[in-house]
Amino acid sequence: MQRSLAYALSPAPGLPLRFLLAAPWFGVLAALLLFGAGENAFGSRWSAPALGATHLLTLGYLGMAMAGSILQLIPVVTGSALTLSRAAATLSWCGLALGALLLSAALAANLAFLFLPAALCASGAFAILVAAILKTLARRAPPPAMPMVRGMRLAVAGLVVTLVLGVTLALAFGGLLAAPVPMLADLHAAWGLLGWVGTLVVGVAFQVIPMFQSARMYPAPVTRWAPCLLAALLAAWSAAVIAGAGGAGLAAALLCAALLAFAALSAQLLATRKREADATTLYWRLALGSLAGSALLYLLAPQPQAALATGILFIGGFAIGAVNGMLYKIVPFLLWYHLQQDPRAKKGEVPPVRLILPDALARRQFWWHAAALAALLGASLLPAWLGRPASALLAVASALLALDLRRAVVRSRAIKASFQPS
């Protein structure tokens, strides 16, 4: 696994930061939408408020965070520069933000005329990012970087499938196309959560868990074949669903088994870490536990009755949990690195990374997020009692993350302003 990274190829800090800093605010918006809907949001995964909030979290929160993380990580890990202009990045950011807001409004308020512009904005934003990302990923990467590169290539392919299915659904909801909506919705959700988000988190984990957690490296066969296995099982499940064959259940069970195996292996590697656990370690433990819980719930609990709780565990616990932990590492390190590269910086003027964004703040946000996750799971069972309290906890947790990241940027700017001309 590559631990010697090409930091000199890092993009200008404003490029990934505009995505990373915006991400948590979509969590705040999702929480406000759920709070306004109250118990009506938690009756089913198909309720209008639940659909609206889900897309604020997936397209807005996770979309922004993963776009920013990929833009930062790909050139550093692969050793190949990323070609994306400031104007193109701004256009992509605007399209992604507007697409998430329009799609959420269309789903939550049943506004059919918004589906087409929402689909155009989101697909256009991702098209800009995918074009730049694939150009870099297509180049020859150093052998130690290949596990993460393979995972990212498959994740981007999953994103493309997700977008195609999403645009088709948007056209169907907008009355512009006749399509089997329930089947397409299941395929869209599976490819978005497993093909895009899940595969990307798995691929990134191969790099960041050993690097940031000082844990042992993943076994070579796992890093080589795990993303391919996930993609193959997801494709087999999709083919069975489309054909109406009986193999869909077996493929789904094998997918869950693969996710459980990844969670167990990653948890075992985390147990080998050489340093005291920090906030990001807590986040990875929560994410892996939630991944295992969502897989077991899918296998053992009656579906679709447990679909909402399964989605809460996967999106809120696994995906957002892992992303939050990475944000508390990536953002302060990114700011620290660019401060170090400032030609005016003298030795000792740049404080350690831990002072740009203290671990105590990350730990505080972790416990708020964990409380929100527990309350959201409770709300899936007792919506009248826990719907609004869970939404309020999610709003607080997301706002804390947004403010913590902003505080790190302000701290970085203050340090930079203190540098004296050489």
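**Notebook: cavities, a pocket, helices and loops**

I began with the largest cavity, and I noted that α2 gives the largest share of its lining, 5 residues. The model is predicted, and I kept that in mind for every entry.

**Entry 1. Cavities**

I searched the whole structure and recorded 2 cavities of 30 Å³ or more. I entered about 100 Å³ as the space in the largest cavity.

I then listed the residues that line the largest cavity. They include Ala 65, Met 66, Ser 69, Ile 70 and Leu 73. I also found Met 152, Leu 200, Val 201, Val 204, Val 323 and Met 326 in this lining.

Which elements supply at least two residues each to the lining of the largest cavity? I noted α2 (48–78), α6 (181–213) and α10 (307–340). By class, I entered 10 nonpolar residues, 1 polar residue and no charged residues for the lining of the largest cavity.

I turned next to the second largest cavity, for which I recorded about 50 Å³ of space. Its lining consists of Met 66, Ala 67, Ile 70, Phe 126, Leu 129, Val 130, Ile 133, Leu 159 and Trp 196. I noted α2 and α4 (115–137) as the elements that give two or more residues to this lining. The largest share of the lining of the second largest cavity comes from α4, with 4 residues. By class I found 9 nonpolar residues in the lining of the second largest cavity, with no polar and no charged ones.

I marked Met 66 and Ile 70 for reference, as they appear in the lining of the largest cavity and also in that of the second largest cavity.

**Entry 2. Second largest pocket**

I recorded a volume of about 360 Å³ for the second largest pocket. I found 17 residues in its lining, and those that lie nearest its centre are Asp 278, Tyr 328, Lys 329, Val 353 and Arg 354. The elements that give two or more residues to the lining of this pocket are α6, α10, α11 (353–356) and α12 (359–381). I noted that α10 provides the largest share, 4 residues.

How do the residues of the lining of the second largest pocket divide into nonpolar, polar and charged, and how many are in each class? I entered 9 nonpolar, 1 polar and 7 charged. For the lining of the largest cavity, by contrast, I had entered no charged residues.

**Entry 3. α6 against α9**

I looked up the packing of α6 with helix α9 (residues 279–300). Their axes come within 12 Å and cross at roughly 145°. I recorded the crossing as left-handed.

On the α6 side I found Val 201, Ala 205, Val 208, Ile 209 and Gln 213, which meet Thr 280, Thr 281 and Trp 284 in α9. I entered the classes for this contact as 5 nonpolar, 3 polar and no charged residues. Val 201 of this contact is also one of the residues that line the largest cavity.

**Entry 4. Helix α1 and its end**

I checked the span of helix α1 (residues 14–37). Its 24 residues reach 36 Å from the first C-alpha to the last, close to the 34 Å expected at 1.5 Å a residue. After α1 I noted Gly 38, whose phi is positive, near 65°.

**Entry 5. Loop backbone**

Where is Asn 110 found? I placed Asn 110 in the loop between α3 (86–109) and α4. I recorded its phi as near 55°, a positive value in a residue other than glycine.

My last entry concerns Pro 304, whose place is in the loop between α9 and α10. I found that the peptide bond from Gln 303 to Pro 304 is cis, with omega near 10°.

Definitions and conventions
Residues numbered from 1 in each chain as written. Predicted model: local features only at pLDDT ≥ 70, side-chain atom pairs only at ≥ 80, totals over all residues. Heavy atoms only, no water. Expected span 1.5 Å × (residues − 1). 1 Å grid on protein atoms, 1.4 Å probe; cavity = no way out; pocket = protein on both sides within 12 Å on 5 of 7 lines; lining within 4 Å. Points joined across faces, edges and corners; volume = space filled by probe spheres on them. Nonpolar A, V, L, I, M, F, W, Y, C, P; charged D, E, K, R; others polar. Axes fitted to C-alpha atoms, helices over the stretch in contact; angles between N-to-C directions. Left-handed = near helix turned anticlockwise from the far one by under 90°. Contact = heavy atoms within 4.5 Å.
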